[in-house]
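Please open the model in your viewer with the cartoon and the side chains available, and follow the stops below in order.

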Amino acid sequence: MNIKKFVLVTASHLPQHKYFLDVAKKLANELGVELEVREEDYEFLSQYGEKDEFGMAWAPQLFVVLENNDVKPILTKLPIDEKTLKIDTARAYELAKQALSSLS
């Protein structure tokens with residue numbers, strides 16, 4: 001599996017934005033891959049992202065673009081640590097890595 005780039009579709013005013021951005025930057029840096037950040041690109045989200053029960057996509061969501069131009073979501077929600085009830089970015093990073101490894 002060859003990664004072309006990561007695409008983070010986000011809205012900078014959302015509270016989850018900074019957490020998704022941190023995870024996306026860490027992945028991109030670790031793998032030496034470009035990170036493209038799109039602000040409120042709901043057309044991209046509608047085409048490639050996860051949707052709720054009403055068919056509506058949400059932001060932020062992190063995607064990988066493969067060399068064959070397939071686009072796959074790799075992180076669409078942030079996990080919460082059950083003990084602290086805070087966002088677990090380390091777990092989010094691990095979930096994104098697992099999603100990447102499942103694509104190969």
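Begin by selecting helix H3, residues 89–103, in what is a predicted model. H3 has 15 residues and reaches 21 Å from its first C-alpha to its last, which is close to the 21 Å expected at 1.5 Å a residue. Now show the side chains of Ala92, Tyr93, Ala96, Ala99 and Leu100, which are buried in H3. If you look down the helix axis, the buried residues of H3 fall within an arc of 120°, so they line one face of the helix. Turn to the other side of H3, where Ala90 and Ser102 are exposed.

Which elements do the buried residues of H3 pack against? Add S1, helix H1 (17–31), strand S3 (61–66) and strand S4 (71–75) to the selection, since these are the elements that the buried residues of H3 pack against. Before leaving the helix, zoom in on its start, where a side-chain oxygen of aspartate 88 reaches to within 3.3 Å of the backbone nitrogen of alanine 90.

Next, select strand S3 by itself. Six of the six residues of S3 are buried, so the strand is largely enclosed by the rest of the structure. In a regular strand the side chains alternate between the two faces of the sheet. In S3 both faces are covered, with Gln61, Phe63 and Val65 buried on one side and Leu62, Val64 and Leu66 buried on the other.

Keep S3 on screen and bring in the strands that pair with it. S1 and S3 run antiparallel and are joined by six bridges; leucine 8 has leucine 62 of S3 as its bridge partner. S3 and S4 also run antiparallel, joined by four bridges, and here the bridge partner of valine 64 is lysine 72 in S4. Follow the chain through the hairpin of S3 and S4, which has four residues between the strands, and stop at asparagine 69, which takes a positive phi near 75°.

For the last stop, select lysine 5, which lies in strand S1 (residues 3–10). What does the side chain of lysine 5 make a polar contact with? Its partner is the side chain of glutamate 36, at 2.4 Å. Leaving aside neighbours within four places in sequence, lysine 5 is in contact with Val33, Glu34, Glu36, Phe63, Val64 and Val65. Three residues to highlight in that list, Phe63, Val64 and Val65, were already met among the buried residues of S3.

Terms used
Residues numbered from 1 in each chain as written. Predicted model: local features only at pLDDT ≥ 70, side-chain atom pairs only at ≥ 80, totals over all residues. Heavy atoms only, no water. Helix = DSSP H or I, 4+ residues; strand = E, 2+ residues; numbered from the N terminus. Polar contact = N/O pair within 3.5 Å; in protein donor to acceptor, adjacent residues only side chain to side chain. Contact = heavy atoms within 4.5 Å. Expected span 1.5 Å × (residues − 1). Buried < 20%, exposed > 50% of the residue type's maximum accessible area, 1.4 Å probe, protein only. Arc of directions from axis to C-beta. Pairing = 2+ DSSP bridges.
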